[in-house]
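Please open the model in your viewer and keep the sequence panel beside it. The tour below moves from one selection to the next and says what is to be found at each stop.

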Amino acid sequence: MAGILGSSLLGVTFLAIKVGAIPSEFETVISQMARTVFDGRGILYLAMIAGTTVILVMAANTSFADFPRLSALVSADGFLPRQFTYRGSRLVYSTGIMALALIACL
């Protein structure tokens, strides 16, 4: 997994340098690379941006789905407060969800 992440980072960095993409307030580096590689804002460009959006949404969803469960396991071992092990009225770890929401707001 670390090898895949490292090669992906090196590939994106190499491509960003070759394309000449620079951080901007108006367009992300991924969008600049996709626009250059796919020669404009056609269907492939839109598919690339849609795929990136789906990945980011799934990553955000994963933290809210698994952090309460992980914090309950860690608190059962005594490394977090015991309140994280209690299930709420909807059979979820409410304290973990509230803690994650508070951290996200900060």
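The stops that follow take in a buried acid and its partners, a pair within a helix, a surface patch and a chain position in the last helix described.

This is a predicted model, in which local features need pLDDT of at least 70 and side-chain atom pairs count only at pLDDT 80 or more, while totals for chains, interfaces and linings use all residues. Residues are numbered from 1 along each chain as its sequence is written, and side-chain values use heavy atoms, with hydrogens and water left out.

**Stop one: Glu 27**

Select Glu 27, which sits in the loop between helix 1 and helix 2; helices here are DSSP runs of H or I with at least four residues, numbered from the N terminus. Is Glu 27 buried or exposed? Glu 27 counts as buried, at 16% relative accessibility, where buried means under 20% relative accessible area, exposed means over 50%, and partly exposed lies in between (1.4 Å probe, protein chains only).

Now show the side chain of Arg 35, which meets that of Glu 27 in a salt bridge at 2.8 Å, N to O; the term stands for a side-chain nitrogen of Lys or Arg within 4 Å of a carboxyl oxygen of Asp or Glu. Arg 35 itself is partly exposed, with a relative accessible area of 30%.

Add Arg 41 next, since Glu 27 forms a salt bridge with Arg 41 as well, the closest N and O atoms being 3.6 Å apart. Glu 27 lies in the loop between helix 1 (2–19) and helix 2, and Arg 41 in the loop between helix 2 and helix 3, so the pair ties together parts that are 14 residues apart in sequence. Arg 41 counts as exposed, at 53% relative accessibility.

Before leaving, display Ser 31, whose side chain makes a polar contact with the side chain of Glu 27 at 2.9 Å. A polar contact is a pair of N or O atoms within 3.5 Å; within protein, one must be able to donate a hydrogen and the other to accept it, and residues adjacent in sequence count only if both atoms are side-chain atoms. With neighbours within four places in sequence left aside, Glu 27 is in contact (heavy atoms within 4.5 Å) with Gln 32, Arg 35, Arg 41 and Tyr 45.

**Stop two: Arg 69 and Asp 66**

Move to helix 3, where both Arg 69 and Asp 66 lie, 3 residues apart, about one turn of the helix. Salt bridges that share partners join Glu 27, Arg 35 and Arg 41 into one network, and Arg 69 forms a salt bridge with Asp 66, the closest N and O atoms being 3.5 Å apart. The count of salt bridges comes to 3.

**Stop three: the nonpolar patch**

Select Leu 15, Val 37, Phe 38, Ile 43, Leu 44, Leu 46 and Met 48, which make a nonpolar surface patch of about 650 Å². Helix 3 (residues 43–76) gives the most to this patch, with 4 residues. Patches are made of residues with over 30% relative accessible area and no salt bridge, like charges being joined within 9 Å and nonpolar side chains (Val, Leu, Ile, Met, Phe, Trp, Tyr) within 5 Å; accessible areas come from the Shrake-Rupley method with a 1.4 Å probe, and for residues only the protein chains shown count as cover.

**Stop four: Cys 105**

Finally, select Cys 105 in helix 4 (residues 94–105), which is exposed, with a relative accessible area of 68%.

Definitions and conventions: Helices (H or I, at least four residues) and strands (E, at least two) are DSSP runs, numbered from the N terminus.
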